[in-house]
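Have a look at the model below and turn it around a few times. Then let's walk through a few of its parts together.

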Amino acid sequence: MNKIIFLILQSVLQFASSTSLRVIKPNVLALEVKDLSSSQVSLHCGEQDELEDIHWERNGESIPERGNHITVTIDGLRGGNFTCHKPNGELLNYTLLLVHPVQFPRGGILTQSDDREFVTCIAKNYSGHFHCFWKWHRERSERAVVYFSAIRNSIVLNCTVDADISGVTCIDMDYCPYSEESRSISLTLLVRNLYRLEEHHRSFLITDIVQPDKVTFNKIKDDVFEWHPPETWSFPCSFFPLSYEVKVIPHNHSCNFNGNRVDQHETNETHYTVNTRKSYIFCVRAQDLFTKRAWSDWSHLHQKKHRHRLDQ
């Protein structure tokens with residue numbers, strides 16, 4: 001054949017009660033297993049019937065099976081990348097066969113965050129942009145993102161995987177911040193390490209995941225502090241108001257310190273006056289006034305009498 005036609009490898013799993021097979025995307029299949037016993041999978045190279053001498057490779061190494069249709073044995077989590085070739089070695093087609101243990105506890109490829117989620121999503125404002133991220137298990141070195149999708153109202157959102165494959169940035173072009181959200185975003189993430197597949201799902205509204213960026217100080221005079229909303233926050237602020245938490249912390253402590261000498265307040269104002277003669281740390285963070293969801297990270301300033309240093 002002068003022109004090679006690349007087709008999805010059509011695979012038929014010999015029926016067994018503990019296994020099933022599904023197509024993840026072209027040339028990528030998932031063998032879903034309930035236990036780690038051996039499974040027989042039939043592979044079809046494609047429309048190459050006129051070629052009788054088709055040979056196969058598994059993970060780059062030749063296997064004895066020949067022909068357009070072959071049957072291979074999958075032991076445990078040992079999937080593989082199967083390729084079929086002409087007698088001269090020319091590639092005809094391929095399939096990546098992954099193993100998905102469906103009744104096993106999730107985790108092992110990704111690790112849970114502090115909120116016990118494998119995938120965390122954050123929106124810095126109400127523009128329709130959001131970022132989802134995850135943490136790989138440190139011992140999983142052969143890792144990859146197999147598939148990712150974010151869907152709302154049957155519409156697939158535009159998403160781009162981060163260069164370090166530890167997150168994805170999406171935008172809902174039809175999102176309107178001035179109307180109430182009626183339908184959630186459904187997120188699906190498939191990751192693998194070697195040939196083991198792991199699947200994760202999240203469902204959320206933009207209002208569920210809004211977390212403002214850190215606020216910025218714009219004026220400091222003696223013990224009077226002023227700040228403004230994050231530059232990334234939605235405007236006008238009259239429609240997207242923020243509330244602020246202010247803390248005055250004893251010197252040499254972090255903003256998360258909650259001892260007896262902490263002065264702590266919530267306010268809708270963007271200024272605050274500290275009344276103390278001792279050195280201290282001034283901390284402020286922001287939160288959506290209406291949704292009362294996640295707080296921003298702290299902005300803080302180390303304040304010594306007659307001297308200050310700004311850390312944001």
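In this predicted model, three strands form an open sheet in the order 20-21-24, and their pairing is antiparallel. Strands 20 and 24 sit at the edges, since each pairs on one side only. On average, neighbouring strands of this sheet are turned by 20 degrees against each other, direction ignored. As a bit of background, strands of a sheet pair through backbone hydrogen bonds, either parallel or antiparallel.

Here are the strands of that sheet with their residues:

| Strand | Residues |
|---|---|
| strand 20 | 216-221 |
| strand 21 | 224-228 |
| strand 24 | 271-273 |

Strands 21 and 24 are held in antiparallel pairing over three bridges. Phe225, for instance, has Tyr272 in strand 24 as its bridge partner.

Strand 21 also turns up in the largest nonpolar core, as one of the elements that give two or more residues to it. That core has 42 residues, and Phe130, Trp227 and Phe282 have the most contacts inside it. Among the residues that Phe130 touches, leaving aside neighbours within four places in sequence, are Ile122, Leu157, Val168 and Phe204. There's a second, separate core too: it has 17 residues, including Val41, Trp56, Ile74 and Phe82.

Now for Ser39, which lies in strand 4 (residues 39-44). Is Ser39 buried or exposed? Ser39 counts as buried because its relative accessible area is 5%, and the cut-off for buried is under 20%. Beyond its neighbours within four places in sequence, Ser39 is in contact with Thr19, Leu31, Val33, Val72, Thr73 and Ile74. Ile74 is also one of the residues in the second core.

Methods: Residues are numbered from 1 along each chain as its sequence is written. This is a predicted model: local features need pLDDT of at least 70, side-chain atom pairs count only at pLDDT 80 or more; totals for chains, interfaces and linings use all residues. Side-chain values use heavy atoms; hydrogens and water are left out. Two strands pair if DSSP finds at least two bridges between them. Helices (H or I, at least four residues) and strands (E, at least two) are DSSP runs, numbered from the N terminus. Axes are lines fitted to C-alpha atoms, for helices over the stretch in contact, and angles run from 0 to 180 degrees between N-to-C directions. Buried means under 20% relative accessible area, exposed over 50%, partly exposed in between (1.4 Å probe, protein chains only). Contact means heavy atoms within 4.5 Å. A nonpolar core is a set of buried Ala, Val, Leu, Ile, Met, Phe, Trp, Tyr and Cys residues joined through side-chain atoms within 4.5 Å.
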